[in-house]
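Thanks, everyone, for making the time this morning. I would like to walk you through a few places in one structure, so please have a look at the sequence and the model before I go on.

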Amino acid sequence: VNETEITFNLRESSNVNVEIFDIQGKRVANLLNKELNAGNHSIIWNVTDNRGNFLSSAYYICKITTAKESKTIKMLKAE
């Protein structure tokens, strides 16, 4: 599977930044950086880096940052 859905809920409107990092902490993809309204949201990540290259099987960290909080999600890309 070469895509995954990332879901999150905002309690209030905020600028949201969604980034993907490899296990060494290097940012490999920036999925979103924009103002969103309060409520449930989802993003489909096709498991590519910022240049469109498919990433290999490994653990990745998704970091979701708003003006008031930050959340990380550990994800595994398996073949």
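Let me begin with the largest pocket, which in this predicted model holds about 160 Å³ of space. Its lining is made up of Phe8, Asn9, Leu10, Arg11, Ile64, Thr66, Glu69, Ser70 and Lys71, and the elements that contribute two or more residues to that lining are β1, residues 4-10, and β6, residues 70-77. The largest share, three residues, is supplied by β1. If we sort the lining by class, we find three nonpolar, three polar and three charged residues.

From the pocket I turn to Glu19, which sits in strand β2, spanning residues 14-22. Is Glu19 buried or exposed? Its relative accessible area is 8%, and because anything under 20% is classed that way, Glu19 counts as buried. The side chain of Glu19 makes a polar contact of 2.8 Å with the side chain of Arg27. Once the neighbours within four places in sequence are set aside, the residues in contact with Glu19 are Arg27, Ala29, Asn30, Ile61, Cys62 and Lys63, so Arg27 appears both in this list and as the partner in the polar contact.

My last stop is Ser56, which is placed in the loop that runs between β4, residues 39-45, and β5, residues 58-65. With a relative accessibility of 49%, Ser56 is counted as partly exposed, since the exposed class is reserved for values over 50%. Although Ser56 and Ala78 are 22 residues apart along the chain, their C-alpha atoms are separated by 8.1 Å.

Note on methods
Residues numbered from 1 in each chain as written. Predicted model: local features only at pLDDT ≥ 70, side-chain atom pairs only at ≥ 80, totals over all residues. Heavy atoms only, no water. Helix = DSSP H or I, 4+ residues; strand = E, 2+ residues; numbered from the N terminus. Buried < 20%, exposed > 50% of the residue type's maximum accessible area, 1.4 Å probe, protein only. 1 Å grid on protein atoms, 1.4 Å probe; cavity = no way out; pocket = protein on both sides within 12 Å on 5 of 7 lines; lining within 4 Å. Points joined across faces, edges and corners; volume = space filled by probe spheres on them. Nonpolar A, V, L, I, M, F, W, Y, C, P; charged D, E, K, R; others polar. Polar contact = N/O pair within 3.5 Å; in protein donor to acceptor, adjacent residues only side chain to side chain. Contact = heavy atoms within 4.5 Å.
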